[in-house]
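Open your viewer, switch on side chains and keep the selection box handy. Here is a short tour of rings, charges and surface.

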Amino acid sequence: MIPDRAALLASIAEGAAERERDDVSPFEQVAAVAAAGLGALPLTGASIRELLGFVIDLAEADPIVAHVLRTHYSQTIGFVRGGHTPWLDEVRAGKVFGNAISETGNVAAGNHDFTTTLTAVDGGWLLDGVKYYSTGTLYSDWISVAARVEGDRVATVLVPVTREGVSVVDDWDGMGQSRTGTGTTRFAQVRVAPDEFLSVRPRHEPRPAGDVPFLQLYLYAVVAGILRAVATDAAALVRSRTRTFDHAPAPEPVDDPILQETVGRLVSTAWVAESAVLAAADAVQAAEDAVRAGEPTEEVGRAASVAASAVKVHLDRVATDAATALFDVGGASASSRTKNLDRHWRNIRTITLHNPASYRATALGRLAISGEPLPGNGYF
């Protein structure tokens, strides 16, 4: 890690626990990442492994900041793939891209049956609708929006967050990842120019092979970074203890073999989590490379989806267990709100809720047993 990057991460880590505890949004920290040119990593030739390696580092410092940039990095990879020069210039200029894709309601998640619409008018378009789970948009300059257009097609457009008719509402009230801006975005007769269209495709047409696996794996890069922080906080907690129980196996907590084992297991969990994410990143890279080469085979797309899904299925359980085990090295004082150690469990558990691990595991099982293809939606 270059010194400047290390210094930036250290500055982001400083006060991260207090910001989360006090419900303070990290606007300065997100802006600092962009200003340092790190929002443009995909433009520098960085591989997906290298990019997610940075995300792990960033999530260790502050998982809110890392999560905010999820759509930004996904969108930037798409710009590179498509050679979208004007948008690449915006990324180089330090602009941040957010998202307005998901909607609430009775429609099944992942099928892109959007109620948000784009209507042609006066040589341009009007965008109308309401989105939710708009992670990162509160911090963004541009918003990537998915909407229905005539002919049962889906368009992706980019609109500036300051445009008339755009309302970003900071109403996400999740128990974890609480300042990611994962709330409501409204569009009321928002003007969209033809050159702000990124794509128009049939609603059921699959996305490029690496897109969805990258977005899903990104969340577990954030989890891997949190697990690093869990291990670090556990070791610090043991070092800080000045007394133990009368029946403990050692008079000093730092010499207690039970506490040492617990911390060692947390260190191991964090290492394996990071290794799994980076190994899966190579499968996602292979899918991205195939798309760029014009050879997006079914095999590379499936391998990327399997890799990202396997990481999720495994980490959903062991990561939450690790965040709980952190308290086993502390005693009652570890539950102090001042320490805010429960943020790790809350943040991990909130990330795991993006889609059910049980459905993922079942899909992997069907593939292994009978060869049934994985679902082709926005979660695989």
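The stops below cover aromatic pairs, charges over rings, a surface patch, an annotated domain and salt bridges.

**Before you start**

Please keep in mind that this is a predicted model.

**Stop 1: aromatic pairs**

How many aromatic pairs does the structure hold? There are ten aromatic pairs in the structure. A ring pair is described by the distance of the centres and the angle of the planes.

Select tyrosine 133 and tryptophan 172. Their ring centres are 6.3 Å apart and their planes stand at 65°, so this pair is edge-to-face; the angle is over the 60 degrees that edge-to-face requires. Now colour by secondary structure and see where the two partners sit. Tyrosine 133 belongs to the loop between strand 3 (124-131) and strand 4 (142-149), while tryptophan 172 belongs to the loop between strand 6 (166-169) and strand 7 (184-192), so the pair ties together parts that are 39 residues apart in sequence. Turn on a surface next: tyrosine 133 counts as partly exposed, at 41% relative accessibility, whereas tryptophan 172 is buried, with a relative accessible area of 18%.

Move on to phenylalanine 214 and tyrosine 218. The ring centres of phenylalanine 214 and tyrosine 218 are 5.9 Å apart with planes at 65°, so the pair is edge-to-face. Show helix 8 (residues 211-240) as a cartoon: phenylalanine 214 and tyrosine 218 are four residues apart in this helix, separated by about one helical turn. Are these two rings buried or exposed? Phenylalanine 214 is buried, at a relative accessible area of 4%, and tyrosine 218 is buried too, at 0%.

To finish this stop, select Phe79, Trp87, Phe97 and Trp142 together. Ring pairs link these four residues into a cluster.

**Stop 2: charges over rings**

Where does the charged end of lysine 131 sit? Zoom in on phenylalanine 114: the charged end of lysine 131 sits over its ring, 3.9 Å from the ring centre. Then select arginine 360 and phenylalanine 380. Here the charged end of arginine 360 sits over the ring of phenylalanine 380, 4.6 Å from its centre.

**Stop 3: a nonpolar patch**

Bring the surface back and select Met175, Trp345 and Leu353. They form a nonpolar patch on the surface, with about 290 Å² of accessible area together. Tryptophan 345 comes from helix 11 (residues 342-352) and counts as partly exposed, at 30% relative accessibility.

**Stop 4: an annotated domain**

Select residues 113-190. In the UniProt record, an unreviewed entry, this range carries the annotation "domain: Acyl-CoA oxidase/dehydrogenase middle". The cartoon of residues 113-190 is 0% helix and 51% strand, and the end C-alpha atoms of the span lie 20 Å apart.

**Stop 5: salt bridges**

Side chains of opposite charge can pair when their charged atoms come close. A search of the whole structure finds 27 salt bridges, and a few of them make good selections.

Begin with aspartate 152 and arginine 148. They form a salt bridge whose closest N and O atoms are 3.0 Å apart. Aspartate 152 is partly exposed, with a relative accessible area of 34%.

Next, show helix 9 (residues 257-292) and select arginine 265 and glutamate 261. Both residues lie in this helix, four residues apart, about one turn of the helix. Their salt bridge has its closest N and O atoms 2.9 Å apart. Arginine 265 is exposed, with a relative accessible area of 56%, and glutamate 261 is partly exposed, at 42%.

Stay on helix 9 and select glutamate 288 and arginine 292. These two are four residues apart, separated by about one helical turn. They form a salt bridge with the closest N and O atoms 2.7 Å apart. Glutamate 288 counts as buried, at 2% relative accessibility, whereas arginine 292 counts as partly exposed, at 43%.

Now extend the selection. Which residues are linked in a network of salt bridges with Glu288 and Arg292? Add Arg81, Arg207 and Asp211, and you have the network.

**Last stop: a distance to try**

Select serine 47, in the loop between helix 3 (27-35) and helix 4 (48-61). Serine 47 is partly exposed, with a relative accessible area of 22%. Draw a line from its C-alpha atom to that of glycine 176: the two residues are 129 residues apart along the chain, and their C-alpha atoms are separated by 29 Å.

Conventions: Residues are numbered from 1 along each chain as its sequence is written. This is a predicted model: local features need pLDDT of at least 70, side-chain atom pairs count only at pLDDT 80 or more; totals for chains, interfaces and linings use all residues. Side-chain values use heavy atoms; hydrogens and water are left out. Rings of Phe, Tyr and Trp (its six-membered ring) pair if their centres lie within 6.5 Å; planes under 30 degrees apart count as stacked, over 60 as edge-to-face and the rest as tilted. Buried means under 20% relative accessible area, exposed over 50%, partly exposed in between (1.4 Å probe, protein chains only). A charge sits over a ring if NZ of Lys or CZ of Arg is within 6 Å of the ring centre and within 35 degrees of the ring normal. Patches are made of residues with over 30% relative accessible area and no salt bridge: like charges are joined within 9 Å, nonpolar side chains (Val, Leu, Ile, Met, Phe, Trp, Tyr) within 5 Å. Accessible areas come from the Shrake-Rupley method with a 1.4 Å probe; for residues, only the protein chains shown count as cover. A salt bridge is a side-chain nitrogen of Lys or Arg within 4 Å of a carboxyl oxygen of Asp or Glu. UniProt positions are given in the numbering used here, feature names are shortened, and annotations may be inferred rather than shown by experiment.
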